[in-house]
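Visitor: Could you take me through one part of this protein slowly? I'm new to this, so plain words would help.

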Amino acid sequence: MNILTAEQLGKSYGEKILFQDVSFGMDEHDKIGVIGVNGTGKSTFLRVIAGLEPADEGKVSVNRDTRITFLAQNPEFDPEISVLRAVFQHGGPELLAVSSYMEAIEELELHPEDTALQSKVSKLSQEMDRLGAWSLESEAKSVLSRLGITEFGRKIGELSGGQRKRVALASALIVPSELLIMDEPTNHIDNASVAWLEAYLQKRRGALLLITHDRYFLDRVCNVMLELDQGRLFRYEANYSRFLELKSEREEREAASEQKRQNLLRNELAWIRRGAKARSTKQKARIERFEKLQNMKVEHKSEALDISVASARLGRKIVEISGLRKSAGERLLIGELTYTAVPGDRVGIIGPNGSGKSTLLNMIAGRVKPDAGEIELGQTVKLGYFTQEHQEMDGKQRVIEYIKEAAEVVETADGTRITAAQMLERFLFPPAMQWTPISKLSGGEKRRLYLLRVLMGAPNVLLLDEPTNDLDIQTLTVLEAYLDEFPGAVFVVSHDRYFLDRTVDKIFAFEGGGRVAIHAGDYSEYEERTQGGLSGAAADPAAKPGTETGAGRKVAGKREETSAVPAGSGAGAGGSGKDPARGEKLKFSYNEQREYETIDEKVEAAEQRLAALTEAMAEAASDAVRLQELMREQQEAEAELEGLMDRWAYLNELAEKIEQQRNG
């Protein structure tokens with residue numbers, strides 16, 4: 001059933017056209033993800049669809065039985081009310097009834113003899129009965145708890161911006177509605193909450209329209225993609241992975257069409273230059289054809305972001321953390337952390353909100369002092385710190401002035417020297433936009449500008465605190481490619497599972513009680529390992545919490561070899577080797593002899609398979625579904641190789657002992 005139709009929508013800000021002649025429809029089963037470069041008007045588009053902002057042109061028609069719930073990026077609340085009251089402050093009659101009832105109960109507790117209040121509570125109780133709203137309070141508490149908010153009586157004014165966003169998210173989720181519209185719902189919530197929200201929305205009945213940069217989320221939740229590109233809207237009946245394929249095919253068709261147009265133009269121009277006589281009908285028709293081709297509106301290819309800033313030289317000593325401890329009041333954030341960074345380190349930092357992740361980055365940056373222990377930076381270290389907030393930005397300052405404060409000229413990775421203005425163009429800030437006050441930029445454009453400012457300093461150690469918040473997918477994709485080539489060390493706090501899988505090879509997991517466990521591998525490997533019951537540094541039960549051991553590290557797609565022989569190898573390892581201590585002769589069984597002769601080839605084949613999978617994963621970085629499949633294959637291949645290496649160690653040890661016995 002169709003629930004909403006948008007016809008020929010248009011919206012502009014000044015001379016900038018956000019979208020034009022946009023039409024699409026939604027039915028009750030659509031779960032739509034909206035994507036596009038920051039500044040293309042995605043948030044405005046959602047507000048127009050929700051009826052919160054008028055369109056300049058066109059109209060939105062909503063089925064009369066369709067209720068719409070809207071989650072804004074920056075929700076507003078009365079700072080004096082409680083968290084639980086705030087959940088019911090906005091919404092339909094059910095939520096408003098609960099809010100009014102809770103308010104009346106609070107007043108009655110203060111004035112229990114007030115008969116007017118008693119009567120009011122009685123009437124509101126009947127209204128709750130009529131609306132069937134009694135279960136909403138327990139549901140609200142359940143959803144708030146899953147989103148990390150447990151102090152239901154705390155005042156909204158005491159919460160951080162991220163916590164207020166989670167309260168608003170809880171409110172949006174429990175409001176009965178046929179269409180839920182959400183602007184960046186995954187911002188400011190931790191990895192576990194994102195996974196829970198993903199599962200919740202997969203099961204939720206009703207239509208969904210959302211903006212998010214989380215590519216795993218788009219892939220698993222959405223069945224339709226809407227792309228805003230150069231003012232146009234493109235619809236794809238697909239999840240994110242399939243969308244990438246369809247978008248590529250569309251751009252290839254457009255490129256071929258433009259090439260054909262250019263060829264026709266050249267032919268017609270050559271004919272006109274030869275001195276066409278405009279007397280015959282045929283000749284006039286050719287001139288008109290040329291003019292038509294010349295005036296034809298060209299759909300320009302999407303603008304491309306370019307990050308190619310060089311980094312400063314980095315010495316041997318980078319970041320050395322020893323015996324680090326930090327508390328917040330009586331709560332221990334970091335009990336003991338020791339770690340030495342090496343060139344090329346890619347460390348992902350994860351954990352619940354408020355667990356101390358940003359505090360760790362602030363201590364590395366020297367902005368916060370540890371309670372105990374120390375952090376030493378090498379003399380050549382040049383930090384680039386991309387924080388969650390951009391308080392440093394002066395809204396009155398011009399875009400180009402802000403960048404020039406970092407550097408007037410910068411050297412790119414290929415050695416080219418370019419100006420701040422040229423670098424701004426590479427970051428999709430055209431000349432006319434460079435003199436715009438920062439206050440006029442969208443939230444995503446400010447984040448992109450801030451990223452450029454950090455990189456203009458040519459850092460060799462990057463601290464990234466939630467870099468995926470408010471950055472569009474195109475910018476994230478280019479940032480990921482930049483980090484692939486970045487020679488220095490990177491420490492990144494993020495809840496974006498795709499970004500972590502794409503960029504890091506080590507996880508610092510804040511597990512509570514001051515424990516920071518270090519795990520080798522990306523986020524998906526960490527998740528699988530911990531769900532399997534393993535924990536600790538690199539999943540090594542003998543390792544101390546918060547100490548890097550290096551156990552289990554992957555090197556160039558291969559597991560580092562160990563000298564360990566499997567428990568029970570020798571006589572009890574399924575072979576016929578005898579115990580020389582008993583005077584028995586050692587020998588291979590028939591099957592062991594055959595296995596010994598072929599084990600090297602099997603190990604080599606397993607290593608080649610693992611290397612091929614690593615290469616395939618790099619090529620499939622933008623295909624979340626394929627990437628998941630390859631990751632599973634990689635884990636199977638690693639387990640197979642590990643088993644073969646164990647068997648190789650046993651067989652070679654046995655062969656050596658047989659040879660010694662023979663020669664003895």
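Visitor: I'd like a close look at F508. Is F508 buried or exposed, and what is its relative accessible area?

Guide: Happy to. Keep in mind that this is a predicted model. F508 is buried, since its relative accessible area comes out at 0%, and the cut-off for calling a residue buried is anything under 20%.

Now look at the ring beside it. F508 pairs with Y339: the ring centres are 5.1 Å apart and the planes meet at 80°, so this pair is edge-to-face. The cut-off helps here, because planes over 60 degrees apart count as edge-to-face. Follow the chain and you'll see that the two partners come from distant parts of it: Y339 sits in strand β11 (residues 331-340) and F508 in strand β19 (residues 506-512), 169 residues apart. Y339 is buried as well, because its relative accessibility is just 2%.

This ring pair has company, as the structure holds 11 aromatic pairs. Take Y240 and F243 as another example: their ring centres are 5.8 Å apart and their planes lie at 35°, so that pair is tilted. Y240 and F243 are three residues apart in helix α9 (residues 240-273), which means about one helical turn separates them. Both Y240 and F243 are buried. Elsewhere, ring pairs tie F19, F24 and F45 together into a cluster.

Let's move along the chain to a strand, β17, which covers residues 461-465. Five of the five residues in β17 are buried. Check both faces of the strand: V461, L463 and D465 are buried on one side, and L462 and L464 are buried on the other.

Who are the neighbours of β17? Strand β14 (residues 383-386) pairs with β17 in the parallel sense, over four bridges. To find one of the contact points, pick L383, whose bridge partner in β17 is V461. Strand β18 (residues 489-493) also pairs with β17 in the parallel sense, this time over five bridges. Here you can pick L464, whose bridge partner in β18 is V492. There's a helix to add to this picture too: β17, helix α16 (residues 473-485) and β18 together make a right-handed β-α-β unit.

For another piece of strand architecture, find the open sheet of six strands, which come in the order β5-β6-β7-β3-β8-β9 with mixed pairing. β5 (68-71) and β9 (232-236) stand at the edges with a single partner strand each, so one side of each has no neighbour in the sheet. On average, neighbouring strands of this sheet are turned by 15° against each other, ignoring direction. Inside the sheet, β6 (residues 179-183) and β7 (residues 207-211) run parallel and are joined by five bridges. One spot to look for is L180, which has L208 as its bridge partner in β7.

Finally, zoom out. The protein has 20 helices and 22 strands, and buried residues make up 46% of its 664 residues. Among contacts with a separation of 6 or more, 66% are between residues 24 or more positions apart. As for the outside, the protein exposes about 32,500 Å², with carbon and sulfur atoms supplying 47% of that. And back where we began, F508 is one of the buried residues, at 0%.

Technical notes:
Residues are numbered from 1 along each chain as its sequence is written. This is a predicted model: local features need pLDDT of at least 70, side-chain atom pairs count only at pLDDT 80 or more; totals for chains, interfaces and linings use all residues. Side-chain values use heavy atoms; hydrogens and water are left out. Buried means under 20% relative accessible area, exposed over 50%, partly exposed in between (1.4 Å probe, protein chains only). Helices (H or I, at least four residues) and strands (E, at least two) are DSSP runs, numbered from the N terminus. Two strands pair if DSSP finds at least two bridges between them. A crossover is right-handed if, with the strands pointing away from the viewer, the path from the first strand over the helix to the second runs clockwise. Axes are lines fitted to C-alpha atoms, for helices over the stretch in contact, and angles run from 0 to 180 degrees between N-to-C directions. Contact means heavy atoms within 4.5 Å. Accessible areas come from the Shrake-Rupley method with a 1.4 Å probe; for residues, only the protein chains shown count as cover. Rings of Phe, Tyr and Trp (its six-membered ring) pair if their centres lie within 6.5 Å; planes under 30 degrees apart count as stacked, over 60 as edge-to-face and the rest as tilted.
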